[in-house]
Amino acid sequence: MPTEKTTKTLGLLALAGLTPYIEKDGEEYMNDKQMTHFRLLLKAWRDQLREEVDRTVHHMQDEAANFPDPVDRAAQEEEFSLELRTRDRERKLIKKIEKTLKRIEDDDFGFCDACGIEIGVRRLEARPTADLCIDCKTMAEIKEKQLQG
């Protein structure tokens, strides 16, 4: 058994080549270091998603074939449909990332849109596009469930 303590790197953080941000005592929330940390995280995530979109376009162009068997053709169409749906979700996510990067530039990042309190560094590392604190998000989900009925 290893005796040294290892730190588990989160998915997005590993993608960006970053380690979890360590807050110092008395450090101001959303200072320049924290903003830079999240800017790097969001840009790496956006770039990775853009590469996936480009890869899909090339894959679909390369894989386009005219299968004589209707079952093979249907399977290929279903595969393409699933890929396009995935890429559409990723394009929406890229737009949300762009919106969040704009909030960082406007110095309006890291605070809840509903109540104005700090969202928290750990929550933002897990979900960098979050614009609600955990309490407001929980309440919004409860209201949504009640409306669905």
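The following exercises, with worked solutions, concern a predicted model.

**Exercise 1. Establish where the residues of the UniProt "binding site" lie relative to one another.**

Solution. Begin with the record: the unreviewed UniProt entry lists Cys112, Cys115, Cys133 and Cys136 under "binding site". Next, compare sequence with space. These residues are spread over 25 residues of sequence, yet they cluster, with a largest C-alpha distance of 8.1 Å. Then consult the second record: the unreviewed entry also places "zinc finger region: dksA C4-type" at residues 112–136. The end C-alpha atoms of that span lie 8 Å apart. Its secondary structure is 36% helix and 0% strand.

**Exercise 2. Determine the location of Cys115 and of Cys136, and classify Cys115 as buried, partly exposed or exposed.**

Solution. First, locate each residue. Cys115 sits in the loop between α3 (70–105) and α4 (121–126), whereas Cys136 belongs to helix α5 (residues 134–148). Second, list the contacts, setting aside neighbours within four places in sequence. On that basis Cys115 contacts Cys133 and Cys136, and Cys136 contacts Cys112, Ala114 and Cys115. Third, apply the cut-offs: partly exposed covers the range between under 20% (buried) and over 50% (exposed). The relative accessible area of Cys115 is 42%, so Cys115 is partly exposed.

**Exercise 3. Check whether the end-to-end span of α5 agrees with the value expected at 1.5 Å a residue, and do likewise for α3.**

Solution. Take α5 first. The helix has 15 residues and should therefore span 21 Å at 1.5 Å a residue; its end C-alpha atoms are 21 Å apart, in agreement. Turn to α3. Its 36 residues reach 52 Å from the first C-alpha to the last, close to the expected 52 Å. Finally, inspect the residues that follow. Gly149, just after α5, adopts a positive phi of about 75°. Asp107, just after α3, has a positive phi of about 60°.

**Exercise 4. Describe the surroundings of Glu90 in helix α3, and decide whether Glu90 counts as buried or exposed.**

Solution. Start with accessibility. A residue is buried when its relative accessible area is under 20%. Glu90 has 15% relative accessibility and therefore counts as buried. Next, place Glu90 among the other buried residues of α3, which include Phe80, Glu83, Arg87, Ile94 and Leu101. Then examine the side chain: a polar contact of 2.6 Å links Glu90 to the side chain of Arg87. Lastly, with neighbours within four places in sequence set aside, Glu90 is in contact with Leu49, Glu52 and Val53.

Notes:
Residues numbered from 1 in each chain as written. Predicted model: local features only at pLDDT ≥ 70, side-chain atom pairs only at ≥ 80, totals over all residues. Heavy atoms only, no water. UniProt positions renumbered as here; feature names shortened; annotations may be inferred. Helix = DSSP H or I, 4+ residues; strand = E, 2+ residues; numbered from the N terminus. Buried < 20%, exposed > 50% of the residue type's maximum accessible area, 1.4 Å probe, protein only. Contact = heavy atoms within 4.5 Å. Expected span 1.5 Å × (residues − 1). Polar contact = N/O pair within 3.5 Å; in protein donor to acceptor, adjacent residues only side chain to side chain.
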